[in-house]
Amino acid sequence: MTDGESTTAAFAALPESWRVWSDEGDGRAVLVFRPDVFDGADYPAECLPTIYVSRRPPEEPMRRPGSASEGWYVAFTLEPEIHVRDLEGQYETRADAADGAVDAARAFADGEVDVHDVYQVPRETYLDALDDLLGSSPGRSPPAGRPGRRPSRWAEYLSRR
């Protein structure tokens with residue numbers, strides 16, 4: 001596989017809860033977590049966990065077409081400006097970045113990242129509801145009840161927004 005090829009096949013290893021939102025010809029790709037629930041009704045759309053594969057570092061503004069870059073990058077956001085730095089990285093090739101993105105998605109889906117540590121000002125009710133959606137978080141037990149049911153803490157969060 002060359003850097004210019006689509007790596008949708010590499011993204012086939014994504015955990016079931018993740019989707020390829022876009023996989024563009026220039027190499028950029030966007031992966032999203034549970035877009036079926038981050039629709040504004042159940043969970044706020046602006047909080048859609050997203051992984052970006054691109055030729056620019058996460059902290060740089062968009063590049064002009066044709067500008068040079070040093071390698072490939074994986075950026076992981078829980079919402080705009082809220083990065084999960086432990087799941088981000090720089091790679092030599094797009095194929096390596098795609099593998100890194102799949103690894104990041106798996107770590108998130110498996111609850112290996114404590115999302116509470118990412119926020120400078122924690123939004124505890126929202127983060128507890130996100131923990132429930134993930135099924136658990138580090139140091140916590142999975143929620144009781146059926147998988148996929150709307151957590152009661154989520155109703156509390158929605159009433160405060």
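Why is helix α2 largely enclosed by the rest of the structure? I will start there and then go through the fold, the core, the pocket and the charged pairs. One caution before that: this is a predicted model.

So, helix α2. It covers residues 124–134, and 10 of its 11 residues are buried, so the rest of the structure largely encloses it. The buried positions are Thr125, Tyr126, Leu127, Asp128, Ala129, Leu130, Asp131, Asp132, Leu133 and Leu134. Note that Asp128, Asp131 and Asp132 are on that list along with the leucines. Directly after the helix comes Gly135, which has a positive phi of about 100°.

Now the overall layout. The chain has six strands and three helices. Reading from the N terminus, the order is β-β-β-β-β-β-α-α-α. The chain is 161 residues long, and 45% of them count as buried. If you take the contacts with a separation of 6 or more, 51% are between residues 24 or more positions apart. One example of two positions far apart in the chain is Leu14 and Asp103: they are 89 residues apart in sequence, and their C-alpha atoms are 8.2 Å from each other.

Next, the core. In soluble globular proteins, nonpolar side chains tend to be buried together. Here the largest nonpolar core holds 41 residues, and the members that touch the most others are Phe11, Trp18, Phe38, Ile51, Phe76 and Phe108. At least two residues each come from β2, β3, β4, α1 and α2. Helix α1 gives the largest share, nine residues.

Ile51 is a good residue to click on if you want to see how that core is put together. What does Ile51 touch, not counting residues up to four places away in sequence? The list is Trp18, Ala29, Val30, Leu31, Val74, Ala75, Phe76, Ala101, Ala104 and Ala105. Two of those partners, Trp18 and Phe76, are also among the core members that touch the most others.

On to the pocket. The largest one contains about 410 Å³ of space. It is lined by 20 residues, and those closest to its centre are Tyr52, Arg56, Pro58, Thr77 and His83. The elements that contribute two or more lining residues are β2 (29–33), β3 (50–54) and β4 (72–79). Strand β3 has the largest share, with four. How does the lining divide by residue type? There are 10 nonpolar residues, six charged and four polar.

Of the residues at the centre, I will pick out Thr77. Thr77 sits in strand β4. Is Thr77 buried or exposed? Its relative accessibility is 8%, and with the cut-off for buried at under 20%, Thr77 counts as buried. Outside its neighbours within four places in sequence, Thr77 is in contact with Leu48, Pro49, Thr50, Tyr52, Ile82 and His83. Tyr52 and His83 are two names you have just heard, from the residues closest to the pocket centre.

Last topic, the salt bridges. The count is six. Arg34 pairs with Asp36, at 2.9 Å from N to O. Glu88 pairs with Arg85, and there the closest N and O atoms are 2.8 Å apart. The two ends of that pair fall into separate classes: Glu88 is buried, with a relative accessible area of 16%, whereas Arg85 is partly exposed at 45% relative accessibility.

Then there is a pair in helix α1, Arg106 with Asp103, at 3.5 Å from N to O. Where do these two sit relative to each other? They are three residues apart in α1, residues 94–109, so about one helical turn separates them. Arg106 is partly exposed at 33% relative accessibility, and Asp103 is partly exposed at 47%. This is the Asp103 I mentioned earlier with Leu14.

Finally, Glu24, Asp26 and Arg28 are linked in a network of salt bridges.

To sum up: helix α2 has 10 of its 11 residues buried, the largest nonpolar core has 41 residues with its largest share from α1, and the largest pocket takes its largest share of lining from β3. That is what I have.

Conventions: Residues are numbered from 1 along each chain as its sequence is written. This is a predicted model: local features need pLDDT of at least 70, side-chain atom pairs count only at pLDDT 80 or more; totals for chains, interfaces and linings use all residues. Side-chain values use heavy atoms; hydrogens and water are left out. Buried means under 20% relative accessible area, exposed over 50%, partly exposed in between (1.4 Å probe, protein chains only). On a 1 Å grid over the protein atoms alone, a cavity is a set of points where a 1.4 Å probe fits but cannot get out, and a pocket is an open set with protein on both sides within 12 Å along at least five of seven lines; lining residues have an atom within 4 Å of a point. Grid points are joined across faces, edges and corners, and a volume is the space filled by probe spheres set on the points. Ala, Val, Leu, Ile, Met, Phe, Trp, Tyr, Cys and Pro count as nonpolar, Asp, Glu, Lys and Arg as charged, and the others, Gly among them, as polar. A salt bridge is a side-chain nitrogen of Lys or Arg within 4 Å of a carboxyl oxygen of Asp or Glu. A nonpolar core is a set of buried Ala, Val, Leu, Ile, Met, Phe, Trp, Tyr and Cys residues joined through side-chain atoms within 4.5 Å. Contact means heavy atoms within 4.5 Å.
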